[in-house]
Amino acid sequence: MTDAPSRTRLRRSAEDRRGQLIGIGLRMLTVRPIHQITVDEVAAEAGISRSLLFHYFPTKHDYYVEVVRAASRRLLRAARPSADDPPESRVRTIVEGYMGFIARRRSQYIGLFRAGPDDWVREIHDDTQDALTVRIVEALGLCGQRETVELAIRAWWAFVEELTIEWTGRGRTDRDGLIALALSTLDHVVVAAERQ
């Protein structure tokens with residue numbers, strides 16, 4: 001007869017438990033909107049009580065924020081270039097990763113960021129777009145340029161987001177054409193902004 005696992009072996013660190021709970025929320029987010037994810041379901045799937053979940057996240061809102069931030073980090077990881085690549089390749093990698101992420105999760109992305117988002121969701125979305133803007137600016141070697149260049153690239157991301165959502169929503173499958181259009185538009189945006 002074997003002994004049952006000791007309680008200490010089953011216990012997770014606070015960081016591990018938070019990661020587990022956020023991971024459960026991310027999985028649930030792939031099939032339903034954030035506000036339809038209940039803390040009771042999350043706690044049950046984790047095998048913990050509702051009150052223990054609130055030990056790691058003071059409120060349901062705090063939990064939701066961390067899940068959406070984790071989703072944002074996943075998008076940013078998908079759009080991460082290699083520092084060893086030449087600038088053109090880095091920009092293409094960023095754009096491909098971003099568009100691919102949205103295309104694979106189109107309905108979830110729209111449900112989270114486009115369907116009447118709360119202020120806190122909009123803030124996370126804006127932070128993500130700001131981080132993507134910095135990546136493009138750095139990849140193109142445009143750091144220290146006029147503010148208009150950065151503002152134009154930030155606005156270009158809004159265009160790329162809309163283009164990707166509309167393109168994929170209409171059943172278009174020409175991925176290379178989508179990427180080419182986005183990159184070509186970026187070139188024109190940067191040139192025009194540098195003239196200002």
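**Exercise 1.** Determine whether D130 is buried, partly exposed or exposed, and identify the salt bridge that D130 forms with R154.

*Solution.* The relative accessible area of D130 is 38%, so D130 is partly exposed (buried is under 20%, exposed over 50%, partly exposed in between, with a 1.4 Å probe and protein chains only). The model is predicted: local features need pLDDT of at least 70, side-chain atom pairs count only at pLDDT 80 or more, and totals for chains, interfaces and linings use all residues. Residues are numbered from 1 along each chain as its sequence is written, and side-chain values use heavy atoms, leaving out hydrogens and water.

Next, D130 and R154 meet in a salt bridge at 2.7 Å, N to O (a side-chain nitrogen of Lys or Arg within 4 Å of a carboxyl oxygen of Asp or Glu). D130 lies in helix α8 (residues 119-139) and R154 in helix α9 (residues 147-169), so the pair ties together parts that are 24 residues apart in sequence (helices are DSSP runs of H or I, at least four residues, numbered from the N terminus). R154 is also partly exposed, at 22%.

**Exercise 2.** Locate R50 and D40, which form a salt bridge, in the helices.

*Solution.* The closest N and O atoms of R50 and D40 are 3.0 Å apart. R50 belongs to helix α4 (residues 50-56) and D40 to helix α3 (residues 39-46), so this bridge links parts 10 residues apart in sequence. R50 has a relative accessible area of 41%, and D40 has 43%.

**Exercise 3.** Classify the exposure of E166 and R170, which share a salt bridge.

*Solution.* Their closest N and O atoms lie 3.2 Å apart. E166, at 32%, is partly exposed, whereas R170, at 64%, is exposed.

Terms used:
Helix = DSSP H or I, 4+ residues; strand = E, 2+ residues; numbered from the N terminus.
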